[in-house]
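Work through the exercises below with the sequence and the 3D structure open. Try each task before reading its solution.

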Amino acid sequence: MATADVDALIVGAGFSGIYMLKRCRELGLSARVIDAATDVGGTWYWNRYPGARCDVESMSYSYSFSDELQRDWTWTERYAQQPEILDYVAHVVERFDLRRDMRFETRVTSAAFDETSNRWQVETDRGDNISAKYCVMATGCLSTTNLPDFRGLESFEGDTYHTGRWPHEAVDFTGKRVGIIGTGSSGVQSTPVIAAEAAHLTVFQRTPNFSVPAFHGPIDPDVVKMWKTRHRELRQHARTSRIGDIFEVSETSALDLTREARDAEFERRWGQGSFNFLASFTDLITSRAANDFAVDFAHKKIRQRVDDPEVAELLCPKDHPFGTKRLCVDTDYFETFNRDNVSLVDVKAAPIEEITPRGLRAGGKEFELDAIVFATGFDAMTGALLAIDIRGRGGIEFKEKWSDGPKTYLGLAVAGFPNLFTVTGPGSPSVLSNMITSIEQHIEWIADCMGYMEARDLTTIEASREAEDKWMRHVSDVADGTLFFESNTWYVGANIPGKPRVIYPYVGGVGAYRDICSKIAADGYAGFTLVSAAEHVSPAMGA
Ligand code: FAD
Ligand code: N01
């Protein structure tokens, strides 16, 4: 592919890129997918750490676009493990014969919009030069790992791992003293599994996290039967819901009930596992008073699960409202701290000073370790996009345009960057939802848009600056009505030094967002400028 000319160039071979390719084919467009990985899967290719699995239930965490696919594929567990999800992704790719238009072990390094040809010129680290009418960034919200700049890291004589770049070979911690830094979803999932294998596990915790029990196990055959017979109705429900899944929606404020009634409802939801608890009341994310009830309830649960009261207190999150940092869903996370071979170190009180050849020093004390696991997360939502040198009209750079925080129209398009689409980009619900629902909505919207353009012989579509500004104000206004800014999280860019402090996802909900996007399309892509070949005047002609 040293030089190529395609209708659509798609960056990323995860759930997004795979479905985008399928939809491009259906439109009769030539398309290529490029990924830096050696194979398909995106998140599920890179995150192979012990205990990695989805925490949206398997039946929902899968494509809905094909009735046959949904009927034929059967998950084995309530929350599928990483290898099973990867098998599923590979199955989809083979089933729809998508692999022949994919290229791996290739990183897209730059994409520049050529105003003369009205096409994107894309370059890779292998020297490819691809010309494309459309450029779809399916680069993932959580694909650029964050490895903090720990002093002395290079000097460590043991093994180091990042959860988001886990090796393909089996890692054996038997007999080893392992340290894990990070207590987000990756840390919470891997800690119990590593603890069961290692001689000793030290968990270095800066901020404790709220976590709800998964109640994980083999998938219930009745649930499978229900989904297989009612999948159209259930998926439609998910698409119009707030978080892209089929939770029972509460219509009650936590403030309207007596303490007994409120706790009974919390208890019922807790017992259902996963994100059901977050949907207990209408106002957990908008009212501090309502949220405090959830905080108290979750603290009570931690104290019940952890034997040592001092350790339990350390594990109780007290500096942020419930659900404003990505909620974890765990299997035996808190109980793991009851094991003799596990210790918890508070690195907020005594920060990590350096990595040493023999371990890690925090608060003046050296912890001797044979291996360190960095469960330190990602440069979320913008990291992968800003790692590519993207230049739009007049050579304007993405980096420059987003220096104060991302600016998009609907999280899908960027003014000054015609025919470029960002799948689940900043300013869309993406990471605050069942992402497969959000991915499908974006891909279908983009494909419909491409179809609209092709049918009318249009050359470019570009978000207007006014529409973009208005959308960003809306994204910010909606977030202002919530508790999200009360947390130091990657949702607001707080985990990466120097990252602009704004709200990255759209918190208005999946269903409401879908309606907005659909209306914009139905109105002839309101807020976008669409130009036909005949209307384009070459800049070379001095227009
Ligand atoms: P990704 O899967 O991230 O794929 C993006 C791909 O783009 C990657 O393969 C990357 O290599 C490639 N890429 C990026 N930049 C370049 C470049 N410049 N050149 C070439 N290739 C490039 N979401 C949920 O809704 N439910 C869950 O239960 C859930 N579990 C998760 C568990 C983990 C461990 C993680 C990290 C995330 C989880 N997510 C979950 C979010 C998950 O990222 C999405 O659900 C989904 O898999 C994203 O798919 P994607 O195709 O958009 O992006
Ligand atoms: O990353 P995170 P993650 N010193 O950013 C700590 C999805 N996901 O990979 O909170 C000490 O959440 C940091 O501490 P603090 C999901 O969307 C889903 O776990 O910043 N500690 C934090 O504890 C999730 O939200 C699943 O104080 C440092 C941790 O590292 C997203 O991916 C599974 C530090 C990072 O937590 C990211 O999750 C996995 C430092 N210098 C991931 N720097 C499912 O279950 C960072 N930390 C579906």
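The exercises that follow concern a predicted model.

**Exercise 1. The nonpolar cores**

Task: Find how many residues the largest nonpolar core has, and which helix gives the most to this core.

Solution.
Step 1. The largest nonpolar core holds 107 residues.
Step 2. Inside this core, the residues with the most contacts are Phe15, Trp445, Met450 and Phe528.
Step 3. Helix H12, which spans residues 435-455, gives the most to the core, namely 10 residues.
Step 4. Take Trp445 as an example. Leaving out residues up to four places away in sequence, tryptophan 445 touches Leu410, Leu412, Phe421, Cys517, Ile520, Ala521, Tyr525 and Phe528.
Step 5. There is also a second, separate core of 29 residues, and Ile180, Val188, Leu201 and Val342 are among them.

**Exercise 2. Cysteines and disulfides**

Task: State how many disulfides the whole structure has, and explain why cysteine 449 has no bond to cysteine 517.

Solution.
Step 1. A search of the whole structure gives 0 disulfides.
Step 2. For cysteine 328, the nearest cysteine sulfur belongs to cysteine 316 and is 14 Å away.
Step 3. For cysteine 449, the closest cysteine sulfur is that of cysteine 517, at 11 Å.
Step 4. A disulfide needs two cysteine sulfur atoms within 2.5 Å. The sulfur of cysteine 449 therefore lies too far from that of cysteine 517 for a bond.
Step 5. Now check burial, for which the cut-off is under 20% relative accessible area. Cysteine 328 has 1%, so this residue is buried. Cysteine 449 has 0%, so this residue is buried too.

**Exercise 3. The surroundings of ligand 1**

Task: Identify which residues come nearest to ligand 1, and how much of the accessible area of ligand 1 the protein covers.

Solution.
Step 1. There are 32 residues around ligand 1, of which Ser16, Asp35, Thr43, Tyr61 and Met435 come nearest.
Step 2. List some polar contacts to oxygen atoms of the ligand.
- Aspartate 35 places a polar side-chain atom 2.7 Å from an oxygen atom of ligand 1.
- Tyrosine 61 has a polar side-chain atom 2.6 Å from an oxygen atom of ligand 1.
- Phenylalanine 15 takes part through a polar backbone atom, 3.1 Å from an oxygen atom of ligand 1.

Step 3. On its own, ligand 1 has 980 Å² of accessible area, and the protein covers 95% of this.
Step 4. Helix H1 (15-26), helix H2 (43-46) and H12 are the elements that give two or more residues to the shell. The most comes from H2, with 3 residues.

**Exercise 4. The surroundings of ligand 2**

Task: Do the corresponding analysis for ligand 2, starting from the 23 residues that surround it.

Solution.
Step 1. The closest of the 23 residues are Ser186, Gln189, Arg206, Thr207 and Lys325.
Step 2. A polar side-chain atom of serine 186 is 2.6 Å from an oxygen atom of ligand 2, and one of threonine 207 is 2.4 Å from an oxygen atom of ligand 2.
Step 3. The protein covers 88% of the 900 Å² of accessible area that ligand 2 has on its own.
Step 4. Helix H5 (residues 185-197) supplies the largest share of the shell, 3 residues.

**Exercise 5. Tyrosine 19**

Task: Decide whether tyrosine 19 is buried or exposed, and find which residues are in contact with tyrosine 19.

Solution.
Step 1. Tyrosine 19 is located in helix H1.
Step 2. Its relative accessible area is 2%, so tyrosine 19 is buried.
Step 3. Apart from neighbours within four places in sequence, tyrosine 19 is in contact with Tyr63, Phe65, Glu440, Ile443 and Glu444.

Notes. Residues are numbered from 1 along each chain as its sequence is written. Chains are lettered from A and ligands numbered from 1 in the order in which they are written. This is a predicted model: local features need pLDDT of at least 70, side-chain atom pairs count only at pLDDT 80 or more; totals for chains, interfaces and linings use all residues. Side-chain values use heavy atoms; hydrogens and water are left out. A nonpolar core is a set of buried Ala, Val, Leu, Ile, Met, Phe, Trp, Tyr and Cys residues joined through side-chain atoms within 4.5 Å. Buried means under 20% relative accessible area, exposed over 50%, partly exposed in between (1.4 Å probe, protein chains only). Helices (H or I, at least four residues) and strands (E, at least two) are DSSP runs, numbered from the N terminus. Contact means heavy atoms within 4.5 Å. A residue is near a molecule or strand if one of its heavy atoms lies within 4 Å of it. A polar contact is a pair of N or O atoms within 3.5 Å; within protein, one must be able to donate a hydrogen and the other to accept it, and residues adjacent in sequence count only if both atoms are side-chain atoms. Accessible areas come from the Shrake-Rupley method with a 1.4 Å probe; for residues, only the protein chains shown count as cover.
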